[in-house]
Amino acid sequence: MTILFLHAGTVVVHAAPLIHATMDNANVSGGGSGDTSVADFTVFDSSGNNLDGLATGPSESTQKVVSGQAGMIGESLQLLEASIDPGLERHVDFGDVANPVPGNGYTASLWFNPTSAPLAPALLKKGAMGSTNQGFAIDLNASSGGFVQITANPNEGIRDNRVGMRYYHILEVDTWYHIALVLDDNNDVLVGYFNGAGSGTTTVTGNHENLANGWVTAPSNVVGNGYAGGASFATDYSLNLGDRWYVGSSSKAPFPGYLDDFSVWNRALSPIEIQSLNTLATEGNLNYDAGQADLLWQVFAGDLAEVTIGNKTWQSDPALLGTPGSVIDLGAGNFGLVLDSDGVGGVTTDFVTFVLGDFDMDNDVDGNDYLVWQHDSGVGSLAHWQTNYGMNLSTVAVDAVPEPSGFVLLVGCHLLVFIYRKRLLSPDMSRRDPIRTGVDSAIIGLASLARITTANGDGEFIMKPYRHNNQRLELGPERANANVIVRLEFVEPKA
């Protein structure tokens, strides 16, 4: 079955991650026993692009990288010590890969947890060791109360076009933070994110000028946050985590602490997607990594019909209401993720099917349902019970629905199935957006919409109130959060 949802807000053209290093034991050579004081080890890229990193460090046990540490999501890597002996290095090196392509946009995302507060450690570098080096960087600093700094330079050897910004924040030890760098080539602007708070896409000239959410342009030698269209931040330098070390460079800036769930996309993630990286990771019942978040974005974009993560199956829901990027607890172990820019639409796990004739709602059609019908024949059709007697959800097999004519119930040829949802459209029932679909199955995701039109426009299915727990449910504001069962009737267009 194919359903095309028409969202009122922004829909992003999707591209999967270029790099995704979960840093979990399953994605590190040696599992939880990786230790660079014994031997360098591989940090595998799980995106399928095989852009693996190499954890390297000195043989001294106090200046090493180790795997198998408690992470923000699963396990993490720990980088020990805030200083490294001269001539040595300690970092995760991905090599000269994942360069930004002008016009595509770019995103780098990482979770970090400092174990001490050194003056100016480097968190991520691809070039940009100093103000005149081409490339981009994410740095931390314990001075001035503490801040994170994101910079990018399209020119090697000069800093005339260097852009950057800071977010002032006391970086507490043993605390997880999320940081992201975005090259938004649609707006030609560098965007920084700290725990989901973004600097915005408004171009500002000069340094120490205010941006969105507390960010300011910085340091003093940047021209602002905007760059020329077509500017390239590609560089031959390696993509490194945890230090600014490069061959021939004696300048060290090691990060002491934990790193987790590093990802790169060759597109600019939206503010909603960045926010959802935070909310999905911090929701304890989900604790999803960037790759799992990306799958949910693909469902919302229509690239995937559904995706199952653990014991939860996610489908698109164009009627989900909430703050964009937020996770909503729908109860009974179900969740929704709001991904539409207008706050109406996303993905949810609470699509529930049931068989018509199952009047007691226990997922099968048996004698107990007949007793319920005898007590109140208005609960449903006895013909449905007779047709589906002996059926349950585990034996459901739906036939294709023939082209409807006149008033018909949306059912399979041999099996009558409906879907109910845990909520309706909005508290005041004011939103009744249509979607278009080619109806080829008796099971269809109603997504709480009031009407569904056929793809060829020859009529429409109208959602009608049905019954639940022997009570007739009307489509009114007092039922906005009720368990609602509906039936669909096909209405041919007026002549």
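Aspartate 188 is partly exposed, with a relative accessible area of 23% (buried means under 20% relative accessible area, exposed over 50%, and partly exposed in between, with a 1.4 Å probe and protein chains only). The model is a predicted one, in which local features need pLDDT of at least 70 and side-chain atom pairs count only at pLDDT 80 or more, while totals for chains, interfaces and linings use all residues. Residues are numbered from 1 along each chain as its sequence is written, and side-chain values use heavy atoms, with hydrogens and water left out.

Aspartate 188 sits in the loop between strand 13 (177–184) and strand 14 (189–194). Helices (H or I, at least four residues) and strands (E, at least two) are DSSP runs, numbered from the N terminus. Although aspartate 188 is not a glycine, its phi is positive, at about 50 degrees. The two flanking strands form a hairpin with 4 residues between them, and aspartate 188 belongs to the turn. Strand 13 and strand 14 pair in the antiparallel sense over 6 bridges, where pairing requires that DSSP finds at least two bridges between two strands. Within this pair, leucine 181 has glycine 192 of strand 14 as its bridge partner.

It is worth following strand 14 a little further. This strand is largely enclosed by the rest of the structure, because 6 of its 6 residues are buried. Cover is found on both faces: Val189, Val191 and Tyr193 are buried on one side, and Leu190, Gly192 and Phe194 are buried on the other. Strand 14 also runs antiparallel to strand 15 (residues 197–198), to which 2 bridges join it. Here phenylalanine 194 has alanine 197 of strand 15 as its bridge partner. The hairpin of strand 14 and strand 15 has 2 residues between the strands, and asparagine 195 takes a positive phi near 50 degrees in it.

A positive phi also occurs at methionine 23, a residue other than glycine, with a value near 65 degrees. Methionine 23 is placed in the loop between strand 2 (19–21) and strand 3 (41–43). At 0% relative accessibility, methionine 23 counts as buried.

Strand 3 leads on to an open sheet of 9 strands, which has the order 3-4-7-17-9-10-11-12-16 and antiparallel pairing. Its edge strands are strand 3 and strand 16, each of which pairs on one side only. Neighbouring strands of this sheet are turned by 20 degrees against each other on average, direction ignored; axes are lines fitted to C-alpha atoms, for helices over the stretch in contact, and angles run from 0 to 180 degrees between N-to-C directions. Strand 12 (residues 163–168) runs antiparallel to strand 16 and is joined to it by 3 bridges. Methionine 165 stands opposite threonine 217 in strand 16.

The backbone beyond strand 16 deserves a look as well. A cis peptide bond, with omega about 0 degrees, joins alanine 218 and proline 219. Proline 219 lies in the loop between strand 16 (215–217) and strand 17 (239–241).

For the protein chain as a whole, there are 4 helices and 31 strands. Of its 495 residues, 54% count as buried. Among contacts (heavy atoms within 4.5 Å) between residues at least 6 apart in sequence, 63% join residues at least 24 apart. The chain exposes about 19600 Å², of which carbon and sulfur atoms supply 48%; accessible areas come from the Shrake-Rupley method with a 1.4 Å probe, and for residues only the protein chains shown count as cover.
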